[in-house]
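Here is my note on the model you sent. Please read it with the structure open.

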Amino acid sequence: MKYGFNMNILDDARSFPSLWSRTRSFINAHPELVHPEADLDWLLDPHNSGDYNNCQFFSNFEIGDLNFFRGEANERYFDWLDKGGGFFYERFGDAPIHTLSVAMFVPKSEIWFFRDIGYQHDINRHCPPHSAQRCSCEPTPIDENFYRLVPLESPQKKPDDTCIRQFLGGHWLEKKDSWNQQGERLFGGDGYHGYQYTGLEDH
């Protein structure tokens, strides 16, 4: 394992307006540094010109391999962003940069979702399922923190699926029969309650 997290949420794009364009320039300039098994697809919005969807691993809880963070690819990516001035003139934070770096340079098989470890930071909280006997928190659905940092009323474009589901893929993206995202929103919902699995199931 090179990187582990327990929350994957949407970030406020106003903090780093040029981050994705600078990252794209880095990829074009140094394609040899991108891992052959890299998976950036879950971070790109096909309905928004393939731009970064602003999903991030919430870095207040993360476990990382220092050999990776001190490695050539990550160091060169950091230097590229540093020279562009985004740390000073925008608000390039550690979470989106760690997320993009991990997605570019680490195969998904070496990224771990710590679903079984609870953590809370301000309004964002993650409480493992089936933890009533060992935790003092109420277990949270897998989508609990998706847009806590970017309220639903914000004009920022939201991806079609929550960040953690896009990362996990597979059955986590399965929807209920006859459910429609637009239909849910017409009746006042947020458009993210059509999934078959909440993450609190017994299996």
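The points below cover a pocket and two loop residues.

1. Start with the status of the coordinates. This is a predicted model. Please read every value below as computed from that model.

2. The largest pocket comes next. Its volume is about 260 Å³. The lining is made up of 17 residues, and those closest to the pocket centre are P141, D143, E144, Y192 and H193.

3. What is the chemical make-up of that lining? It is mixed: 6 residues are nonpolar, 5 are polar and 6 are charged.

4. Now look at Q156. This residue sits in the loop between β9 (124–126) and α6 (163–168). Is Q156 buried or exposed? Its relative accessibility is 13%, and the limit for buried is under 20%, so Q156 counts as buried.

5. The surroundings of Q156 deserve a look. A polar atom of the Q156 side chain lies 2.9 Å from the backbone nitrogen of A13. Leaving aside residues up to four places away in sequence, Q156 touches L10, D11, D12, A13, N54 and V150. A13 therefore appears both in the contact list of Q156 and in the 2.9 Å pair, where the Q156 side chain meets a backbone atom.

6. N145 is the other loop residue to check. The loop between β9 and α6 holds N145. N145 has 6% relative accessibility, so this residue is also classed as buried.

7. Which residues does N145 touch, not counting those up to four places away in sequence? They are M7, I9, I123, N124, R125 and H126. Of these, N124, R125 and H126 fall in the range given for β9 (124–126).

Notes
Residues numbered from 1 in each chain as written. Predicted model: local features only at pLDDT ≥ 70, side-chain atom pairs only at ≥ 80, totals over all residues. Heavy atoms only, no water. 1 Å grid on protein atoms, 1.4 Å probe; cavity = no way out; pocket = protein on both sides within 12 Å on 5 of 7 lines; lining within 4 Å. Points joined across faces, edges and corners; volume = space filled by probe spheres on them. Nonpolar A, V, L, I, M, F, W, Y, C, P; charged D, E, K, R; others polar. Helix = DSSP H or I, 4+ residues; strand = E, 2+ residues; numbered from the N terminus. Buried < 20%, exposed > 50% of the residue type's maximum accessible area, 1.4 Å probe, protein only. Polar contact = N/O pair within 3.5 Å; in protein donor to acceptor, adjacent residues only side chain to side chain. Contact = heavy atoms within 4.5 Å.
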